Amino acid sequence: MSQFSVYINPPEYLGQWLRHDFWDSESERVVFPRGSAPRAVLYSLLRKAPRDSRHVDTSTLIPIEVPTFKGLNPATFNYLSPTGQTALISACKKLFQATLFNELHELFDHDVQITDIIYEFMDRHGIDRSERNWETIRQMYLRLRKKSQAQNS
């Protein structure tokens, strides 16, 4: 495990989910499993820090482990550009959506109270029960449900 981290500022629900599902308490940062899309993004987009890069206050950001990849020394390749950070957040969102789909897709065809299943999902994954988080996840669930129904028609 390398000692280097990159930092992202994801939406609230996503940051809470990352801290709950991928947090490594020993290194105090998010560690993605091998073979995951976020890890592939890191492999593709990590680079040497530019000479003019500035240190940013990371106290409100989510720390992400810079993994050790074959041919990429984390002591050298430990910079993620703002565009790379956006790509990493996007990959995390896709992983979140896949988790949401995998856990709730069997309920798509049943008449169940969406409120209850969304709150249960949030509880299971360490996401605060705020109105904003709930509405974001509800909309995501409805879009996944609609897409699934269209593919099955």
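Is Phe96 buried or exposed, and at what relative accessibility? In this predicted model, Phe96 has a relative accessibility of 0% and therefore counts as buried. The residue is found in helix H3, which spans residues 82-104. Leaving aside residues up to four places away in sequence, Phe96 touches Tyr13, Leu14, Trp17, Phe121, Ile127, Ile137 and Met140. The C-alpha atoms of Phe96 and Leu18 are 8.9 Å apart in space, although the two residues are separated by 78 residues in sequence.

Aromatic pairing was examined next, and a search of the whole structure finds seven aromatic pairs. One of them is formed by Trp17 and Phe96, with a centre-to-centre distance of 5.2 Å and an angle of 85° between the planes, an arrangement that is edge-to-face. This pair links distant parts of the chain, since Trp17 belongs to helix H1 and Phe96 to helix H3, 79 residues apart. Trp17 and Phe96 are both buried. A further pair is that of Phe22 and Phe32, whose ring centres lie 5.4 Å apart and whose planes meet at 55°, so that the pair is tilted. Because Phe22 lies in the loop between H1 and S2 and Phe32 in the loop between S3 and helix H2 (37-45), this pair ties together parts that are 10 residues apart in sequence. Phe22, at 16% relative accessibility, falls under the 20% limit and so counts as buried, and Phe32 is likewise buried, with a relative accessible area of 4%. Tyr13, Trp17, Phe22, Phe32, Phe96 and Phe121 together form one aromatic cluster.

The packing of the two helices that carry Trp17 and Phe96 was then considered. H1 and H3 pack at an angle of about 75°, and their axes are 11 Å apart; with this angle, H1 is roughly perpendicular to H3. On the side of H1 the contact is made by Tyr13, Leu14, Trp17 and Leu18, and on the side of H3 by Ile89, Cys92, Lys93, Leu95, Phe96 and Thr99. Sorted by class, the residues of this contact are eight nonpolar, one polar and one charged.

The surroundings of H1 extend to other elements as well. In this helix, which comprises residues 12-21, the buried residues are Tyr13, Leu14, Gly15, Gln16, Trp17 and Leu18, and their cover includes strand S1 (5-8), strand S2 (23-24), strand S3 (29-30), strand S5 (62-65), H3 and helix H5 (131-152). Of these strands, S1 and S5 run antiparallel and are joined by four bridges, with Ser5 standing opposite Glu65 in S5. In a regular strand, side chains alternate between the two faces of the sheet. Strand S5 is covered on both faces, as Ile62 and Ile64 on one side and Pro63 and Glu65 on the other are all buried.

Helix H4, comprising residues 114-124, contributes Phe121 to its set of buried residues, which also contains Ile114, Ile117, Ile118, Tyr119 and Met122. The buried residues of H4 pack against H3 and H5, and Phe121 is among the residues that Phe96 touches. After H4 comes Gly126, which has a positive phi, near 70°. Phe121 is also a member of the aromatic cluster that contains Trp17 and Phe96.

How values were computed: Residues are numbered from 1 along each chain as its sequence is written. This is a predicted model: local features need pLDDT of at least 70, side-chain atom pairs count only at pLDDT 80 or more; totals for chains, interfaces and linings use all residues. Side-chain values use heavy atoms; hydrogens and water are left out. Buried means under 20% relative accessible area, exposed over 50%, partly exposed in between (1.4 Å probe, protein chains only). Contact means heavy atoms within 4.5 Å. Two strands pair if DSSP finds at least two bridges between them. Rings of Phe, Tyr and Trp (its six-membered ring) pair if their centres lie within 6.5 Å; planes under 30 degrees apart count as stacked, over 60 as edge-to-face and the rest as tilted. Axes are lines fitted to C-alpha atoms, for helices over the stretch in contact, and angles run from 0 to 180 degrees between N-to-C directions. Angles under 35 degrees count as roughly parallel, over 145 as roughly antiparallel, 65 to 115 as roughly perpendicular and the rest as oblique. Ala, Val, Leu, Ile, Met, Phe, Trp, Tyr, Cys and Pro count as nonpolar, Asp, Glu, Lys and Arg as charged, and the others, Gly among them, as polar.
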